[in-house]
Amino acid sequence: ALLSPTTAPTWGGNINWNFLSVVVGETITWMGTIDNQWSNIENWSLGRTPANTDVVVVPAGVSSMPLLLVPVVLNSLTIAEGAELSLNGCDLTVTNTLIAAGELVAKATETVTLNGNAAFGNNSMRAARSTLLVDGHEAQMIDLGGSSFARVKVTRSGGEVTINGGAQIEELIITAIDETPFTCRFAAGKE
């Protein structure tokens, strides 16, 4: 089997190793041509799985939609309208921007952690018993897009979070870390 570390020096004498360069902010697109396994490098446009610095795109119209097998940390994630990403019991952290025009599918008690901004499309979250954790350190804009969530947890140490778009939320938890105050604004006229 071919092993592909993304950050490691080569000192020669390596057999069956492929050393890759990963450019911060590089766009990598799901092709889904082999199967639905997120970890299969042949399903990705760059011949490797996404690194935590990548801009990841899951487009519509591919033969297989991705299924996570392990927890994943991504810089940016766009799920196009008509596309789907199944969490399959695995946690997802997006450190910069999440755009979910398509479906983000939770199976159980997964946690989707947002450290940056996010925009959900109408009914783009199939929540099961999952948690949407809003946990950034800078100002955040979260558009819930009228989707349904089992649990939304806003945990911050200062700053401001603005939540737009309305949503159905079974449980909303707002917590200040270290009792540092922060502002959580909800769009007017939304429930």
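The following dialogue explains how to read several features of a predicted model.

Biologist: How many helices and strands are there in the protein chain?

Modeller: The protein chain has zero helices and 15 strands. Of its 191 residues, 39% are buried. The chain exposes about 9600 Å², and carbon and sulfur atoms supply 51% of that area.

Biologist: How should I read the pairing of strands in a sheet?

Modeller: Strands of a sheet pair through backbone hydrogen bonds, and the pairing is either parallel or antiparallel. In this model, strand S1 (27-29) is joined to S2 by three bridges, and the two run parallel. Within that pairing, isoleucine 28 has valine 56 in S2 as its bridge partner. S2 also pairs with strand S3 (residues 72-79), in the parallel sense and over four bridges. There, valine 55 stands opposite serine 76 in S3.

Biologist: Along S2, which side chains point to one face and which to the other?

Modeller: In a regular strand the side chains alternate between the two faces of the sheet. S2 shows this alternation: Val56 and Val58 point to one face and are buried, whereas Val55 and Val57 point to the other and are not buried.

Biologist: In what order do the strands of the open sheet with S4 lie, and which strands stand at the edges?

Modeller: Three strands form that open sheet, in the order S4-S6-S9, with parallel pairing. Strand S4 (84-86) and strand S9 (125-126) stand at the edges; each has a single partner strand, so one side of each is left without a neighbour in the sheet. S4 and strand S6 (residues 103-105) run parallel and are joined by three bridges. One can locate this pairing at leucine 85, whose bridge partner in S6 is leucine 104.

Biologist: How are aromatic pairs to be read, and how many does a search of the whole structure find?

Modeller: The search finds three aromatic pairs. One reads the distance between ring centres together with the angle between ring planes, and planes over 60 degrees apart count as edge-to-face. The rings of tryptophan 30 and tryptophan 44 have centres 5.0 Å apart and planes at 80 degrees, so this pair is edge-to-face. It links distant parts of the chain: both residues are in the loop between S1 and S2 (55-58), 14 residues apart.

Biologist: Are these two tryptophans buried or exposed?

Modeller: A residue counts as buried under 20% relative accessible area. Tryptophan 30 has 1% relative accessibility and therefore counts as buried. Tryptophan 44 is buried as well, with a relative accessible area of 1%. Tryptophan 44 also forms an edge-to-face pair with tryptophan 38, at 4.8 Å centre to centre and 75 degrees between the planes. Tryptophan 38 counts as buried because its relative accessibility is 5%. Ring pairs thus link Trp30, Trp38 and Trp44 into a cluster.

Biologist: Where is threonine 131, and which residues does it touch?

Modeller: Threonine 131 lies in strand S10 (residues 131-134). At 9% relative accessibility, threonine 131 counts as buried. Leaving aside residues up to four places away in sequence, it touches Glu110, Thr111, Val112, Arg151 and Lys153.

Biologist: Which residues form a nonpolar patch on the surface?

Modeller: Leu172, Ile174 and Phe186 form such a patch, and together they have about 270 Å² of accessible area. Phenylalanine 186 belongs to strand S15 (residues 183-186). With a relative accessible area of 43%, phenylalanine 186 is partly exposed.

Note on methods: Residues are numbered from 1 along each chain as its sequence is written. This is a predicted model: local features need pLDDT of at least 70, side-chain atom pairs count only at pLDDT 80 or more; totals for chains, interfaces and linings use all residues. Side-chain values use heavy atoms; hydrogens and water are left out. Rings of Phe, Tyr and Trp (its six-membered ring) pair if their centres lie within 6.5 Å; planes under 30 degrees apart count as stacked, over 60 as edge-to-face and the rest as tilted. Buried means under 20% relative accessible area, exposed over 50%, partly exposed in between (1.4 Å probe, protein chains only). Two strands pair if DSSP finds at least two bridges between them. Patches are made of residues with over 30% relative accessible area and no salt bridge: like charges are joined within 9 Å, nonpolar side chains (Val, Leu, Ile, Met, Phe, Trp, Tyr) within 5 Å. Accessible areas come from the Shrake-Rupley method with a 1.4 Å probe; for residues, only the protein chains shown count as cover. A salt bridge is a side-chain nitrogen of Lys or Arg within 4 Å of a carboxyl oxygen of Asp or Glu. Contact means heavy atoms within 4.5 Å.
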